[in-house]
Amino acid sequence: MRTRGSAALAAAVSGVLAASGCVAEGGAGAGSSGPSAVARERSASPGAPSGACPESGVRVSLGDTEAAMGQRALSVFLDNCGSRPFEVGGYPDVAVLDERGEDLEVSVRLGSRAVDGGAARSEFVLRPGQRARSGVLWRNTVTRSDVVATNGASLRVAPGPGAAPQTVAPHDGPLDLGNTGAVEVLPWAPARAR
């Protein structure tokens, strides 16, 4: 049985995934994304690649943070900006950093039972001009007064073997982890072309 909180998170993540084409029309959460989520996906600012293409030929960027009842979902994009195919498989390697760029003590869990039932790894080839999508999920929960709430300033994301990690910061605020000390990472999946 789903609780109200897990249903809200599922709706937020479904909206994030539906905007990229990762959820089929009429599928779970299809009506929950609303026009604003789709409009944000099509806008040029959040998640839009910029600057020179890294040596690996792939660029990491972030979308909007979706929030519902203390739960958060942040889209992570991988764009092939190079001239050769890039093999994608499994999960991005993610670390949460503080404002000085140092690692925070945050547990990173692969998959999310609350949202995707622990989606299976997928492997695919990202051709030049194509995009993949993952996501980082967390709860902004404060349950202990003796543990300081944690805010992550940025993420260090290694997209896969042979690709150097890239540091990216959310454009819409910090990763407000409360004192949970944990994030969940969704597997890479092909995303609809921009």
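**Exercise 1. The chain as a whole**

Among contacts in the chain between residues at least 6 apart in sequence, what percentage join residues at least 24 apart? State also the secondary structure, the share of buried residues and the accessible surface of this predicted model.

*Solution.*

Step 1. Of the contacts between residues at least 6 apart in sequence, 74% join residues at least 24 apart.

Step 2. The secondary structure consists of three helices and twelve strands.

Step 3. The chain has 194 residues, and buried residues make up 44% of them.

Step 4. The accessible surface is about 9,900 Å², and carbon and sulfur atoms account for 50% of this surface.

**Exercise 2. The five-stranded sheet**

Determine the order of the strands in the open sheet of five strands, and explain why strands E1 and E5 each have one side without a neighbour.

*Solution.*

Step 1. The order of the strands is E1-E2-E7-E12-E5, and the pairing is mixed.

Step 2. Strand E1 (58-68) and strand E5 (107-110) stand at the edges with a single partner strand each, so one side of each has no neighbour in the sheet.

Step 3. From one strand to the next, the twist averages 25 degrees.

Step 4. Within this order, E2 stands next to E7. Strand E2 (residues 71-80) pairs with strand E7 (residues 131-139) in the antiparallel sense, over nine bridges. In this pairing, Gln 71 is opposite Arg 139 of E7.

**Exercise 3. Two salt bridges of strand E2**

Identify the salt-bridge partners of Arg 72 and Asp 79, and classify the residues as buried or exposed.

*Solution.*

Step 1. Arg 72 forms a salt bridge with Asp 176, with the closest N and O atoms 2.9 Å apart. Arg 72 belongs to strand E2 and Asp 176 to strand E11 (residues 175-178); the pair links distant parts of the chain, 104 residues apart.

Step 2. The cut-off for a buried residue is a relative accessible area under 20%. Arg 72, at 14% relative accessibility, therefore counts as buried. Asp 176, at 18%, likewise counts as buried.

Step 3. Asp 79 forms a salt bridge with Arg 131, and here the closest N and O atoms are 2.9 Å apart. Asp 79 lies in E2 and Arg 131 in E7, so the pair ties together parts 52 residues apart in sequence. Both Asp 79 and Arg 131 are buried.

**Exercise 4. A network of salt bridges**

How many salt bridges does the chain contain, and which residues are linked with Asp 98 in a network?

*Solution.*

Step 1. The count comes to seven salt bridges.

Step 2. One of the pairs is Asp 98 with Arg 100, whose closest N and O atoms are 3.2 Å apart. Asp 98 is buried, at 8% relative accessibility, whereas Arg 100 is exposed, with a relative accessible area of 57%.

Step 3. A network of salt bridges links Asp 98, Glu 99, Arg 100 and Glu 102.

**Exercise 5. The disulfide**

Which cysteines form a disulfide, and why is this disulfide right-handed?

*Solution.*

Step 1. The chain has one disulfide. The disulfide joins Cys 53 and Cys 81, whose sulfur atoms are 2.0 Å apart.

Step 2. The torsion about the S-S bond is about 80 degrees, so the disulfide is right-handed.

Step 3. Cys 53 is in the loop between helix H2 (34-42) and E1, and Cys 81 is in the loop between E2 and E3; the pair links distant parts of the chain, 28 residues apart.

Step 4. Cys 53 is partly exposed, with a relative accessible area of 33%. Cys 81 is also partly exposed, at 27%.

**Exercise 6. The faces of strand E6**

Which side chains of strand E6 are buried, and how many bridges join strand E3 to E6?

*Solution.*

Step 1. In a regular strand, side chains alternate between the two faces of the sheet.

Step 2. Strand E6 (residues 123-126) has alternating side chains: Phe 124 and Leu 126 point to one face and are buried, while Glu 123 and Val 125 point to the other and are not.

Step 3. Strand E3 (residues 86-89) is joined to E6 by four bridges, and the two run antiparallel. Gly 89 has Glu 123 of E6 as its bridge partner.

Terms used. Residues numbered from 1 in each chain as written. Predicted model: local features only at pLDDT ≥ 70, side-chain atom pairs only at ≥ 80, totals over all residues. Heavy atoms only, no water. Pairing = 2+ DSSP bridges. Axes fitted to C-alpha atoms, helices over the stretch in contact; angles between N-to-C directions. Buried < 20%, exposed > 50% of the residue type's maximum accessible area, 1.4 Å probe, protein only. Contact = heavy atoms within 4.5 Å. Areas by Shrake-Rupley, 256 points an atom, 1.4 Å probe, with all protein chains shown as cover. Disulfide = S-S within 2.5 Å. Salt bridge = Lys/Arg side-chain N within 4 Å of Asp/Glu carboxyl O.
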